[in-house]
Amino acid sequence: DSPVAVLCSGGDAPGMNAFLRAIVRLGLNRHKVPVLGIRGGYRGLVRAAKQVNGEADELVRLKQEITANTGNRGLIDAKMSIIQMDHASVSGIMGKGGTILGSARCLDFHKPEVRRSAIQLLENLGVRALVVAGGDGSLTGAKLLAEESNLKIIGVPSTIDNDLQFTEMALGVDTAVHTLVWAVDHFIDTARSHRRVMVLETMGRESGDLARMAALASGAEMVITPEGGPLTEEAMIAYAEEIESAMTRGRGHAIVLIAEGVKFDPPQSRNGAYILRDAFQKYFQREGAPFQDLEVRPSVLGHLQRGGHTTPGDCILAARFAEEAWKAILDPNGSNGITALQHNKATIVPFGCPDLPERALSSVAMDRLHDDLSSW
Ligand code: F6P
């Protein structure tokens, strides 16, 4: 039976492993369709295409290699770019962060001739559908493959940024928020002991969703997101005044989340957490200020947000997305598309579909809730 191929692309997201387990197990157990795993994202696919290079002998050799190195054996061998997935290859991976197939960003995939070689290889391997788990850039690559081939292409939103507006949630967001709440709790312990202000920078690219959700779930006093526009000197002073006034009312510490996508006016090249620290510190130490010994400590949380044990919420979403992906793959009249969570229903939407007019957790609604919950 012609197989389905799956790959993870771009920045890894928690839930990718749970998704791989679900896509493989549903394929083998429910639909009796074999699944090929492509290692290292589009880059692995391109590497395999280059190795074969249109040579019939090389194609036969690759096919033999794929079947010989099934499952875990293929996963261990670093040279293998495509492997036959079996039950064992996805055993015990559900809650593990990262992706057993590996992931990569592949700039080469912007070139049409590179995509053509990848399509050619998939067709030569008899692949009927390709499933791509990734974020914005990876799903754009999937859209191009869908336009340029007769293969069925299914995208699966997987990014901690939650910046894909056609789905309420992407895979990985729930876990990253969970990790951020854990981190904030740790920073609160030390902030309270020293009566300090902690400025914590979250990931999220151009979107403030991750920071906002983390602020709502952790009770962080302030959250600054790119959607508010570039941050001026005056705006930073206004935030500092707010903190100082809370301190005057007896508050002992403050946690400020700033999303990495926040821009400054005038533009700055350093991380936002450090710029904000300097601005706050300068304000608190001005002449005659009431809390001149109030210290500010910045921290760029970085890649810890991408790892760790996957939450049950993400594991369940992974299973729901995998089920939708299979429905779309097997539907003879169905077209290419991306799995999405809309109004709490897992579904398939076409590539390039419009944004949800209002996501259940819209940024405006979250900002309002946070404002009212954290009047400190
Ligand atoms: O898109 C996920 C993400 O973690 C962003 O939040 C962040 O800006 C970026 O990837 C970091 O990329 P890299 O892992 O390549 O440094």
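**View 1. Helix 2 and helix 3 cross each other.** A helix axis here is a line fitted to the C-alpha atoms over the stretch in contact, and the angle between two axes, from 0 to 180 degrees, is taken between their N-to-C directions. Please keep in mind that the model shown is predicted. With that in hand, look at helix 2 (residues 41–52) and helix 3 (residues 56–68): their axes come within 8 Å and cross at roughly 130 degrees. Helix 2 is therefore oblique to helix 3. On the helix 2 side, the meeting residues are Ala-48, Gln-51 and Val-52, and on the helix 3 side they are Glu-58, Leu-59 and Leu-62. Sorted by class, this contact of helix 2 with helix 3 holds 4 nonpolar, 1 polar and 1 charged residues.

**View 2. Helix 1 meets helix 11.** Here the axes of helix 1 (residues 16–31) and helix 11 (residues 312–330) approach within 8 Å, with a crossing of roughly 45 degrees. The two helices are therefore oblique to each other, and the crossing of helix 1 and helix 11 is right-handed. Helix 1 brings Ala-18, Phe-19, Ala-22, Ile-23, Leu-26 and His-31 to the contact. From helix 11 come residues including Asp-314, Cys-315, Ala-318, Phe-321, Trp-326 and Leu-330. How many nonpolar residues does the contact of helix 1 with helix 11 have? There are 13 nonpolar residues, along with 1 polar and 2 charged.

**View 3. A mixed sheet of 7 strands has helix 11 packed on it.** If you trace this open sheet across, the strand order is 3-2-1-4-5-12-13, and the pairing is mixed. At the edges you will find strand 3 (82–85) and strand 13 (345–349), each of which pairs on one side only. Neighbouring strands are turned by 25 degrees against each other on average, with direction ignored. For a closer look at one pair, turn to strand 4 (residues 129–134) and strand 5 (residues 152–157), which run parallel and are joined by 6 bridges. Within this pair, Val-131 has Ile-154 of strand 5 as its bridge partner. Helix 11 packs on this sheet and touches strand 1 (4–8), strand 4, strand 5, strand 12 (337–342) and strand 13. The direction of helix 11 makes about 40 degrees with that of strand 13.

**View 4. A parallel sheet has 4 strands.** This sheet is open, its strands follow the order 7-9-6-11, and the pairing is parallel. Why is one side of strand 7 (222–224) and of strand 11 (296–300) left without a neighbour in the sheet? Both stand at the edges and have a single partner strand each, so there is no strand on the other side. From one strand to the next, the twist averages 20 degrees. Strand 7 and strand 9 (residues 254–259) run parallel and share 3 bridges; Met-222, for instance, is partnered by Val-256 in strand 9. Helix 8 (residues 209–218) packs on the sheet, in touch with strand 6 (197–202), strand 7 and strand 9. Its direction makes about 160 degrees with that of strand 9.

**View 5. Ten residues surround the ligand.** Which residues should you look for around the ligand? They are Gly-11, Gly-135, Thr-159, Ile-160, Asp-161, Met-203, Gly-204, Arg-205, Glu-260 and Arg-306. This shell divides into 2 nonpolar, 4 polar and 4 charged residues.

**View 6. Two loops hold special backbone details.** In the loop between strand 10 (264–265) and helix 10 (272–284) lies Pro-266. The peptide bond that joins Asp-265 to Pro-266 is cis, with omega at about 5 degrees. Another loop, between strand 5 and helix 7 (173–194), contains Asn-162. Although Asn-162 is not a glycine, its phi is positive, at about 50 degrees.

Key: Residues numbered from 1 in each chain as written. Predicted model: local features only at pLDDT ≥ 70, side-chain atom pairs only at ≥ 80, totals over all residues. Pairing = 2+ DSSP bridges. Contact = placed C-beta atoms within 7 Å. Parallel < 35°, antiparallel > 145°, perpendicular 65-115°, else oblique. Left-handed = near helix turned anticlockwise from the far one by under 90°. Nonpolar A, V, L, I, M, F, W, Y, C, P; charged D, E, K, R; others polar. Near = placed C-beta within 6 Å.
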